[in-house]
Amino acid sequence: MKRLFTLSLAAAIAAFSACSKKPAGLVFSVGGAPNEVEVWERLVKRFAEEKGVRASLLRQPTDSDQRRQGLLVPLKSGKADPDVFLADIAWLGQFAASGWLEDLAPYAAKDGTDLAPFWPKVIDFADRYDGRLAALPVYVDAGLLYYRTDLLKKYGVKTVPDTWPGLLAASLKMQAGESAAVPGFFGFVWQGAQYEGLVCNFMEFASSGEKALAFRDGAVKLATPENIRALAFMRAAVLKEKISPPNTYTEMKEEETRAFFQEGKAAFERNWPYAWGLHQREDSPVKGKVGIAPLPRFPGGVSVSTLGGWHIAVSRFSDDKAGAWEFVKYVTSPAVQKELALELGWNPGRRDVYRDKDVLKAYPHFARLEKIFANAYPRPNVPYYSQVSAILQRHLNSALSGAAEPEAALKAAEAEVNEAAARYR
Amino acid sequence: MDQRGGVVTGGREAYYFTAPLLLFVFAFIVFPIAGTLFSSFFSDVTFLGRKFVFLANYAHAFSDPGFRQAFGFTLAFIAAAVPLELALGTAFAVILDQALPLRGFWRACVLVPWAIPSAVSARVWELIYNYSYGLANFLALRSGLTAEPVNWTGSAAGAFTALLAADVWKTAPFVALIVLAGLQAVPAELKAQARVDRATTLQVFRLVTLPLLKPVLTVALLFRTIDTLRIFDVVYVLTGGGPGGSTTSVSLYAYKYFAGGDFGYGSAVSMLLFLVSFGLSWLYVRLSRFGGEL
């Protein structure tokens, strides 16, 4: 009710302001942490000066749900602004299927823009929709395994575990040894709260690439042996083996996990690349004791990193599509991508930046990231993904809490997801 | 002109005077509700377009396990929270109505939780329940009640109780405020009279004060029920609807559908919420014959 009220209010305001003149030129809508928005403000200003056009930034909140809501309203009502915006990879399916995103392929073809330097997998899975080029990657994210180099050495763990059972064994060993000195020490921390991150983690445990959640002819098989094995492992990690803290399924999101590991209270951590810079900060207790590796897999499976990140797209209702395309080119240019990497530690959407000397000097771990990103798999690129995700979150979390058995939870989720898929086909 | 007791009733002037308010009510209450009702009859999904489906969204709601879970939680939460809030609020009000030293100070203290925005107070409660560094675990461990930290929101019952405490703490003062106002309207002579008739303190409260408080309590009951029916922020912040969806409120559920681009179904869910709140309000007013007493 509150939402609709806001919508109607927004509609009323829009109706009243329709007669007034629209603001200056190109409007780029972006949110994020304050330091991120600052960098964007500077980029927009420089773009306007260099190209001699008028451009402004429409500031959005930090919270990604609210950012989505802030785009949903103008796009649903076909507003000319914002012309261009950043969208989370998980929204692209819905936005593209709603016909809100301008096809960038003709622009790229006309300008001879080379798409080869971008991650081909990312472009194919996330940005291409129904043969159109809906967006371009600005920032690529993929799950990583962080580990404590000092602890591995201390407990004689020679190689970083590359299977889930191996990680379990190493965790138990280190936890048994460390618990006396560090109260509340756990082997492995990851994201299990009821939110989007849980679905990302689940795909990684499943070790079966995009097959874990793949839709075929509008239906999905979730209660597969691989998925049941993964969910049973996640649940055992918390409830039985106790290598993950009890609050894994209630509180653990990215920042909670990062803080836990950074305080020196865990041997392994699953997180996105952003945690690296924070773990290595001057005031971090684990500075210089952290390594990164691809996430483990089950024997016979593959290492999976769920693909995340932000993409730049042009609104189909934009009144300055040519200008918007210029801005897209600008943001995805090697120079700006390098700047974003150096300033914010963002993982560029272009592969060539990972081999840049200055970038490698500032972030030596980028060399390893390039390899890990090759294992990145996307979440299903269906327009009703957010409904699918809400169902999955509920049932996966229920299994983690012990309220449902893994197989029963996946069967229930499968039935509901397929019903949703039928509804939205 | 029809005049009764010196008050002008009827006549065109009445409409002129109330027009601004009526306009406001139409623009901000009737229009959005009508709009929601209208869009609830459509399959309005951003990526599928609009199609008139009449009651299909409602039919889907009743077979949707997610909605049923959310609806069940919301009703259970009302049943648990509202009586507690009324009881505690009334108790506070009775205490604050006494001639205590520093009465103004105590009254201000009781009102503090109500004055804090609920998103903020929910964060405070989140810090209390936090597994790693929360106050609750700190106290439990220090006092030796448990050897291991407790995951307070780790079970459906635990999460429900945690939410209940946070919500009652926040809203009992609101009930106290309303009831306090009502208490002060109870004529002192009536109580004195009852005393003369040798009524005990409890009897005075039960037989004189409470019946006179009924209209005020009905208002409190009404406000609290409607408010609890659309509970959102405390759930969003404290449990996120978990574990396993067990504490997802209807508002939180509707919000997720709006975000996913399904405006028709989100509207139907919101409409159901409106109907329940309308129905409960009507019931309360009828049962208390509230209108008659004013």
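**Exercise 1.** Leaving aside neighbours within four places in sequence, which residues is Pro334(A) in contact with?

*Solution.* The model is predicted. Begin by placing the residue: Pro334(A) belongs to helix H14 of chain A, which covers residues 334-344. Next, look for its partners outside the excluded stretch: Pro334(A) is in contact with Arg350(A), Asp352(A) and Val353(A).

**Exercise 2.** State why Pro334(A) counts as partly exposed.

*Solution.* Count the C-beta neighbours of Pro334(A) inside 10 Å: there are 13. A residue is exposed at 12 or fewer and buried at 20 or more. Pro334(A) therefore counts as partly exposed, because it has 13 such neighbours.

**Exercise 3.** Compare the end-to-end span of helix H9 of chain B with that of a straight helix, and locate the kink.

*Solution.* Helix H9 of chain B runs over residues 201-229 and has 29 residues. At 1.5 Å a residue, a straight helix would reach 42 Å. The end C-alpha atoms of H9(B) are only 36 Å apart, short of that value. Now look along the helix: a kink of about 50° lies at Lys214(B), shortly before the proline Pro215(B).

**Exercise 4.** Find buried residues in H9(B) and the helices they pack against.

*Solution.* First list the buried residues; among them are Leu213(B), Val216(B), Leu217(B) and Ala220(B). Further along H9(B), Arg224(B) and Thr225(B) are also buried. Then identify the partners: the buried residues of H9(B) pack against helices H3 (65-97), H7 (156-184) and H12 (263-288) of chain B.

**Exercise 5.** Give the separation of the two domains of chain B.

*Solution.* Chain B is divided into domain 1 (1-32) and domain 2 (41-293). The C-alpha centres of these domains lie 33 Å apart.

Methods
Residues numbered from 1 in each chain as written. Chains lettered and ligands numbered in written order. Predicted model: local features only at pLDDT ≥ 70, side-chain atom pairs only at ≥ 80, totals over all residues. Helix = DSSP H or I, 4+ residues; strand = E, 2+ residues; numbered from the N terminus. Contact = placed C-beta atoms within 7 Å. Domains from an automatic or database assignment. Expected span 1.5 Å × (residues − 1). Bend = angle between axes of the 7 residues up to and from the residue.
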